[in-house]
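Subject: Handing over the structure

Dear colleague,

I am passing this structure on to you, with the sequence and coordinates shown just below. My notes on what was found in it follow after that.

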Amino acid sequence: MAAQPVSRVVRRVLRAGVRSCSSGAPVTQPCPGEPVVEVPSRPRPFLREGAAPFSAFLTDSFGRRHSYLRISLTERCNLRCQYCMPEEGVPLTPKADLLTTEEILTLARLFVKEGVDKIRLTGGEPLIRPDVVDIVAQLRRLEGLRTIGITTNGINLARLLPQLQKAGLSAINISLDTLVPAKFEFIVRRKGFHKVMEGIHKAIELGYSPVKVNCVVMRGLNEDELLDFVALTEGLPLDVRFIEYMPFDGNKWNFKKMVSYKEMLDTLRQQWPELEKLPEEESSTAKAFKIPGFRGQVSFITSMSEHFCGTCNRLRITADGNLKVCLFGNSEVSLRDHLRAGASEEELLRVIGAAVGRKKRQHAGMFNISQMKNRPMILIELFLMHQDSPPALQSTFRNSLGVQVLRRRVNFSSQMVTLWKGGGVPQAPLVAHQWLGASLPQRHFSSHLDSDANPKCLSPTEPRAPAAASGPLPASDQLTHVDTEGRMAMVDVGRKPDTERVAVASAVVLLGPVAFKLIQENQLKKGDALAVAQLAGIQAAKLTSQLIPLCHPVALSHVQVRLELDHVRHAVVIQASCRARGPTGVEMEALTSAAVAALTLYDMCKAISRDIVLAEIKLVSKTGGQRGDFHRT
């Protein structure tokens, strides 16, 4: 059922004459036709002089002082993230029901007068609001306000940041969930990866330190990039903040998709055992860590697994003027309606105090939250969230800048630091050019590019060396997945030694001239077939044990999928390679990867022609294991 417009819900509640605060207790609300407290017809001086150091109105029943206010400037955004809104879309509030600039500043002055010393501007995307620079400049004039921050997707940041800094912006959070240009475009349905990177570069250049980078971690989408993000902090003054995936209305939250703080921390410590915890700041939501010798740091926002409700000091005002005392609470009170009804400062404070005073000790917990009705996050503030991605496109996307999972990052961070120091925007190698708008005479896609790899992927201009033949495999007198009575059985690998396993498989998709030309020119209506097939192949490798019944789950350390256009045969040649260290091989993972990539190409092109042939799905080579190596001649 489509979500009801917020304005319609507001009008219905107004007719009832009451609004609920976070506890569900009624708060008196003026109703149409009923007398209200007399308000002078002319604007009155809004704030009293000489307010108390910290207001009782902003202190809840558990003694938490709320000195941090987040204000959403807009519900709109210049990206179309497929995980940021419910599938049926989000009905935006009519402009007349949104807070005006004057109303935003009026509320900000009131909260600062009562003790708020930090305001963060959010959205939607706050930097698409035309008067955002002026709002920052007006906030800067408020006595007692120490910090003005902004959370942005970074698309407009490089262009606006010099003006914002001059106006008084003192802190920046940039939302970025991937370092892979192709995946970025898949997630947000827009180009812009290079603009976000340019914004990060500009923030560093202008002296913001640290520049906070928010990364919502979701299993199957970007958990394989944790080490890539951390590697950035070696040479850059970044605070990379890994955020546990949280449930909101419409994002189809699934516990299995959440990667917990402890799991993320374990992954980092496998790579950097020297990772050390930093002292926690008062009321901080983040658990901060630092690798000795690195310029930046890493933080974890543990809203789900280890909530920080006991020290919460945050309040939120939505773009339509509702006060939320808890991000995960579904009760709100309209400050906008009171303002427009002519409420005085004292009356507004009573409304605010009633809501804050009844704030609960903690949120309901991840499982209960997922069942609660709450706004989609786009209508609260920009804090990226995720829904289940299409199965063929969610999982381990490899970084086109060449970083491998679960082994020491060598070329990635140094490359990024060099580019940033040089004042340039980090440019992805050949594989990413298509997403960054470059025009290539031939299109090649590789999910990985090592410093010693061939940057032309499987370039037809360079002949591939024939595979060397190895000796025959030792003969087996029985099928390994069948027991002595002929029943299926999974092989017990518990006593087999762990060894380095690598397997390469290939497939060919014979498209025909019409479909081939459309793929070559990237003109398919469904989108970029090579990119989608590449990502599907990587996903398939990770899911092999779920598709092939007797395969063991394998912790892959690296997956690589390459696609080459064969002009002679009007075909796409696919090569998939997998690597892992363990007691069992990865040839099935490689074969599944190549096969699913081929099937995906068929699916992308079937509307053009059904005379498409999937051929030559085969194992090219495997190394490691007791049965020896194999190399197809």
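Which residues make a nonpolar surface patch of about 250 Å²? In this model, which is predicted rather than determined by experiment, the patch is made by Leu 599, Leu 614 and Ile 617. Of these residues, Leu 599 is found in helix α17, which covers residues 587–605.

To set that patch in context, the protein has 17 helices and 20 strands, and of its 633 residues 55% count as buried. The surface that the protein exposes comes to about 27900 Å², with carbon and sulfur atoms supplying 53% of it. When contacts between residues at least 6 apart in sequence are considered, 75% of them join residues that are at least 24 apart.

Between α17 and β19 (613–623) there is a loop, and Ile 608 is found in it. This residue is partly exposed, since its relative accessible area is 37%, a value that falls between the 20% below which a residue counts as buried and the 50% above which it counts as exposed. Leaving aside residues up to four places away in sequence, Ile 608 touches Val 514, Ala 515, Leu 518 and Leu 524. With the last of these, Leu 524, the separation along the chain is 84 residues, while the C-alpha atoms of Ile 608 and Leu 524 are separated by 8.9 Å.

Helix α5, which runs over residues 181–188, is worth a look in the viewer as well. Seven of its eight residues are buried, and therefore the helix is largely enclosed by the rest of the structure. The buried residues are Pro 181, Ala 182, Lys 183, Phe 184, Phe 186, Ile 187 and Val 188, so that a lysine is listed there beside nonpolar residues such as Phe 184 and Ile 187. After α5 comes Arg 189, whose phi is positive, near 60°.

Finally, a word on the cysteines: a search of the whole structure finds zero disulfides. Two cysteines may be mentioned here, namely Cys 312, which is buried with a relative accessible area of 17%, and Cys 605, which is buried with a relative accessible area of 0%. Both values lie under the 20% cut-off for buried residues, and Cys 605 also belongs to the stretch 587–605 that forms helix α17.

With kind regards

Conventions
Residues numbered from 1 in each chain as written. Predicted model: local features only at pLDDT ≥ 70, side-chain atom pairs only at ≥ 80, totals over all residues. Heavy atoms only, no water. Helix = DSSP H or I, 4+ residues; strand = E, 2+ residues; numbered from the N terminus. Buried < 20%, exposed > 50% of the residue type's maximum accessible area, 1.4 Å probe, protein only. Contact = heavy atoms within 4.5 Å. Areas by Shrake-Rupley, 256 points an atom, 1.4 Å probe, with all protein chains shown as cover. Patch = residues over 30% accessible without salt bridge, like charges linked within 9 Å, V, L, I, M, F, W, Y side chains within 5 Å. Salt bridge = Lys/Arg side-chain N within 4 Å of Asp/Glu carboxyl O. Disulfide = S-S within 2.5 Å.
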